[in-house]
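I opened the model to look up its domains, its core and a few strands. My entries are below the structure.

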Amino acid sequence: MLNRLETIKELFPKAQNFRLKQIECAVFDAAISGWEEVTTLPQADRQLLIEKVPWVSYRAAETFGDIEDDVIKALLTLSDDAKIETVLMRNRRGHWSVCVSTQVGCAMRCVFCATGKMGLKRNLTSDEIVDQLRFWQKYLLTNLGDEERITNVVYMGMGEPMNNYEAVKDSLNRILLNTEIGETRITVSTVGVLPRLDQILDDEDWPPVRLAISLHSAQNEVRKQLMPSSYDDFLPKLADWARRYNQKFGNRRHHLTFEYIMLAGVNDSSQAAEALADYVLKIDNVRVNLIPYNASGADYEGSSEETLERFMSVLEQRDVTVTVRRSQGQEIAAACGQLAGK
Ligand code: SF4
């Protein structure tokens with residue numbers, strides 16, 4: 001499907017590159033609310049754009065939560081009535097991050113995830129992905145003024161980004177080109193779709209943004225139970241891929257992250273922590289990010305604080321670099337694993 005800029009190129013076949021850049025730049029300017037305000041364009045061109053190209057790819061937006069609480073969720077209704085969720089969060093240092101969705105629903109069916117229960121409805125277009133960021137840019141400007149900036153984008157909302165590879169890649173390149181957000185401030189999270197991860201290693205158009213692999217267990221049977229998309233030789237194949245990734249991109253700026261959601265009695269034993277340390281230490285240049293799980297009404301319980309600390313100390317004693325993600329947004333169903341287009 002053509003993205004907004006490609007549609008504009010068809011509308012103005014003789015337009016020079018600088019003009020097209022000007023248009024895309026205006027699209028990402030939160031102070032501009034529609035084609036009629038893009039005054040760098042002649043009036044006739046603006047009129048044609050108003051008639052032919054929607055300014056945003058969603059037709060309605062509803063927000064949940066209070067900006068004072070540092071996390072707010074939006075439900076966007078797309079042109080075909082599909083609904084997606086996107087989240088704006090402020091971290092302890094005061095920096096704003098946006099979590100974007102890449103699909104309506106998801107085919108991967110991870111058992112702890114509300115999106116997985118929906119099944120896959122469709123892929124999002126590149127416009128529908130970047131417009132989630134644009135929505136929050138406008139929201140921040142309207143609510144907090146022009147001092148506040150979004151500094152990070154995480155592709156961790158609804159959907160598996162690697163199953164929508166081309167649109168995700170296009171959206172990444174457009175964000176990098178038209179905003180101040182840099183490569184190391186963008187993280188794409190994946191369950192580890194190995195053919196696509198292999199593609200990244202040879203794809204010159206794939207930008208060197210950070211990758212986070214949702215590991216959730218270094219024990220094969222447990223991982224298969226949590227993530228039905230996993231299979232018997234997934235873990236050795238992922239380790240092999242990660243070593244090749246490190247050869248190509250590995251440095252302090254481009255370490256890999258393994259995400260690990262902490263589920264009580266499922267993957268949080270000392271034995272599970274040892275297995276994780278064994279696995280990670282075979283790869284090198286990998287960080288582990290432990291994610292507290294707090295989804296209310298879900299089939300799984302999150303690990304206790306005490307268990308999380310014990311798990312973390314096993315990893316630290318083995319010299320694994322480990323962090324704990326601060327969990328935000330449970331009250332508005334915006335935390336990890338809770339996004340379900342409701
Ligand atoms: S955790 Fe991610 S990949 Fe797994 S079902 Fe949910 S959205 Fe899909």
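The entries go from the whole chain down to single residues.

**Entry 1, domains.** I note at the start that this is a predicted model. I looked up the domain assignment, which splits the chain into domain 1 (4–52) and domain 2 (58–332). Between the centres of domain 1 and domain 2, taken over C-alpha atoms, I have 33 Å. I then checked who takes part in the contact: 6 residues come from domain 1 and 7 residues from domain 2. On the side of domain 1 that touches domain 2, I list 4 nonpolar residues, no polar ones and 2 charged ones.

**Entry 2, core.** Which residues touch the most other members of the largest nonpolar core? In this core of 73 residues, they are Tyr260, Leu276 and Val288. I also asked which element gives the core its largest share, and found helix H5 (residues 126–144), with 7 residues. I followed Leu276 further, leaving aside neighbours within four places in sequence. The contacts of Leu276 are then Ala218, Tyr260, Val288 and Leu315. Tyr260 and Val288 are thus contacts of Leu276 and also stand with Leu276 among the residues that touch the most other core members.

**Entry 3, strand E8.** I picked strand E8 (residues 186–190), where 4 of the 5 residues are buried. I looked for its pairing partners on either hand. Strand E7 (residues 150–155) pairs with E8 in the parallel sense over 3 bridges. For Val153 the bridge partner in E8 is Ile186. Strand E9 (residues 210–214) also pairs with E8 in the parallel sense, over 4 bridges. Here I find Val188 opposite Leu211 in E9.

Next I traced the helices that link these strands. E7, helix H6 (residues 165–178) and E8 form a right-handed β-α-β unit. E8, helix H7 (residues 194–202) and E9 form a right-handed β-α-β unit as well. E8 therefore belongs to both units.**Entry 4, Val130.** Is Val130 buried or exposed? Val130 is buried, because 29 other C-beta atoms lie within 10 Å and the cut-off is 20 or more. I place Val130 in helix H5. Not counting residues up to four places away in sequence, Val130 touches Ser171, Arg174 and Ile175. I also took the C-alpha to C-alpha distance from Val130 to Leu172, and got 8.2 Å for a pair 42 residues apart in sequence.

Note on methods
Residues numbered from 1 in each chain as written. Predicted model: local features only at pLDDT ≥ 70, side-chain atom pairs only at ≥ 80, totals over all residues. Core = buried A, V, L, I, M, F, W, Y, C linked by C-beta atoms within 7 Å. Buried ≥ 20, exposed ≤ 12 C-beta atoms within 10 Å, placed from the backbone. Helix = DSSP H or I, 4+ residues; strand = E, 2+ residues; numbered from the N terminus. Contact = placed C-beta atoms within 7 Å. Domains from an automatic or database assignment. Nonpolar A, V, L, I, M, F, W, Y, C, P; charged D, E, K, R; others polar. Pairing = 2+ DSSP bridges. Right-handed = clockwise from strand over helix to strand, strands pointing away.
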